[in-house]
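Dear colleague,

Please find below the structure that I am handing over to you. My account of what was found in it follows directly after.

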Amino acid sequence: MNKIVNPNDISHVVAADKKHVWHHMTNHSKFTDEVDPLIIVEGKGMRVWNQAGREHLDAVSGGVWTVNVGYGRESIADAVRDQLVKMNYFAGSMGSIPGAVFAERLIEKMPGMSRVYYSNSGSEANEKCFKMVRQIAHNKYGGKKNKILYRQRDYHGTTIATLSAGGQDERKAEYGPFTPGFIEVPHCLEYRSQWGEVDDYGIRAANAIEEVILREGADTVGALCLEPITAGGGVIVPPVGYWERVQEICKKYDILLHIDEVVCGMGRTGTWFGYQHYGVEPDMVTMAKGVASGYAAISCTVTTEKVFEMLKPEMSDTMGYFRDISTFGGCTAGPAAALENMRILEDENLLENTVSMGEYFLDKLESLAGKHSVIGQVRGKGLFLGAELVTDRDTKEPVSEAFAQAIVADCFKENAVIIGATSRSLKGFNNTLCFSPSLICTKSDIDEIINAVDGAITRQTA
Ligand SMILES: Cc1ncc(COP(=O)(O)O)c(C=O)c1O
């Protein structure tokens, strides 16, 4: 008997996913006989389609600020395909054509930086820095200058060492014990000032880092690791004067400055890198998500020549060089995709678009705040924006995580718009809606997102 098969029916895929795939950040108890996992089947530009054919506007670039150049880029797929059939892989002890060419192009965008170490995720790129700091401490300071400072509310990854450097209590909960030698410094969100109303909050927050250094002993502190603009900890744009003072402090105490550009890198905030808004000169920069916009897995740990030289001993020294291994850092798909991704960002003037659309988006969010008192503050830079929700503007009492998630769910259900919110990150403060559309977004996309949020807040506060 002939079986009639509907080629558009992917119910077997959904069933296989439901039965066998373990999704990230997901409590699988939510899947019941009636509730299936969502499968994203296709993407084009700013839009994605699910298994039922429903079209969604993606305001978070693949959920976690990744697809900077948008979906369905055939030229990236072609570049990866061409590279793979020529040479797909060799371990990183050898070079590759796209690896060398992308490193050169990247360094052109990062004056003062010099060397690129390839790996595959933001966490891994950050781990490389931590290992460099520890090894430099051994080689140069008798092992003593090995502590790494990180900031409350920042996130640097999911592995045990990067969680040890994580300033988000809920991300860390139940995964300890952690790696020793990671020390927290205070956050710099003026809206939630730890020192009451101060005129020079930026300087005050930076000085708080110095206080920690003095408490620990500057001769024990090897590096300070910061996000240029905190992402999942609530979209925190550093206050005026902060970065300049941070730089001074690092120089004063001979502390390496490691900037985690995993989210902000590759144009997200309107400059190639977030730190470039502030004239900072980092010693180490890490990046991942937007480097190849998710078309291939790639991350980069970029250092100055000075850092590189500290791990380049005499040939007779068999231990003092950076003895790290990243098997898949040798995949050529990453740098091949990254090169084409960078070409698109340049040829389509996407940094300029990020600046102008970012201003438009921020203006629209401010208008929404004028209409809805549940929005306590809007903030961000470029196409990396947040709206912190409060139950009361005077007390700044945060809304519950459930409320913030209800806004996200409403946008999804009623308007098929995918927005984000800080979640399972900071106890009591998972209350910031997040917007990070692809850098190709237009005014009409932004209007559609704002319209969805406006409707969601109206319905959820009724
Ligand atoms: C600032 C920051 N650093 C590092 C990471 C970790 O990157 P990955 O998930 O690729 O390991 C993230 C992930 O969200 C991040 O937001």
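**Findings**

V48 stands opposite H56 in strand β3. Please bear in mind throughout that this is a predicted model.

The pair just named belongs to strands β2 (residues 47-50) and β3 (residues 55-58), which pair in the antiparallel sense over three bridges. Together β2 and β3 form a hairpin with four residues between them, and G53 in the turn has a positive phi of about 85°. Strand β3 is also joined to strand β14 (residues 417-418) by two bridges, and here the strands run parallel. Within that pairing, D58 has I418 of β14 as its bridge partner.

**The seven-stranded sheet**

An open sheet of seven strands follows the order β4-β10-β9-β8-β7-β5-β6, and its pairing is mixed. At the edges are β4 (115-119) and β6 (182-185), each of which pairs on one side only. With direction ignored, neighbouring strands of this sheet are turned by 20° against each other on average.

At the β4 edge, five bridges join β4 to strand β10 (residues 299-303), and the two strands run antiparallel. V116 has V302 in β10 as its bridge partner. Helix α8 (residues 201-216) lies across β5 (147-151), β6 and β7 (221-226). Relative to β6, helix α8 runs at about 145°.

**A further hairpin**

Strand β11 (residues 375-381) is mostly covered, with seven of its seven residues buried. Six bridges join β11 to strand β12 (residues 384-392), and the pair runs antiparallel. K381 has F384 of β12 as its bridge partner. The hairpin of β11 and β12 has two residues between the strands, and G382 takes a positive phi near 60° there.

**The ligand shell**

There are 16 residues around the ligand, and those that come nearest are S121, G122, S123, G157 and V262. Helix α5 (residues 122-141) gives the most to this shell, contributing three residues. By class, the shell is made up of six nonpolar, eight polar and two charged residues.

**A helix pair**

Two packed helices are described by the angle between their axes and the distance between the axes. For helix α4 (residues 97-108) and helix α11 (residues 333-347), the axes come within 8 Å and cross at roughly 35°. The crossing of α4 and α11 is left-handed. On the α4 side, the contact is made by P98, G99, V101, F102 and R105; on the α11 side, by P335, A336, A338, L339 and M342. The residues of this contact divide into eight nonpolar, one polar and one charged.

**Backbone details**

Most residues other than glycine have a negative phi, and most peptide bonds are trans. Three places in the model may therefore be of interest to you when set against that general rule.

The first topic is the peptide bond from G176 to P177, which is cis, with omega near 5°. P177 lies in the loop between α7 (169-172) and β6.

Next is W65, a residue other than glycine with a positive phi, near 55°. W65 is found in helix α2 (residues 61-65). Is W65 buried or exposed? W65 counts as buried because 24 other C-beta atoms lie within 10 Å, the cut-off for burial being 20 or more.

N349 is likewise a residue other than glycine whose phi is positive, near 50°. N349 is placed in the loop between α11 and α12 (350-371). N349 counts as exposed because it has 11 C-beta neighbours inside 10 Å, and 12 or fewer is the cut-off for that class.

**A residue in the first helix**

H20 has its place in helix α1 (residues 11-20). H20 is exposed, since 7 other C-beta atoms lie within 10 Å. H20 and Y242 are 222 residues apart along the chain, and their C-alpha atoms are separated by 47 Å.

With kind regards

Methods:
Residues numbered from 1 in each chain as written. Predicted model: local features only at pLDDT ≥ 70, side-chain atom pairs only at ≥ 80, totals over all residues. Near = placed C-beta within 6 Å. Nonpolar A, V, L, I, M, F, W, Y, C, P; charged D, E, K, R; others polar. Pairing = 2+ DSSP bridges. Axes fitted to C-alpha atoms, helices over the stretch in contact; angles between N-to-C directions. Left-handed = near helix turned anticlockwise from the far one by under 90°. Contact = placed C-beta atoms within 7 Å.
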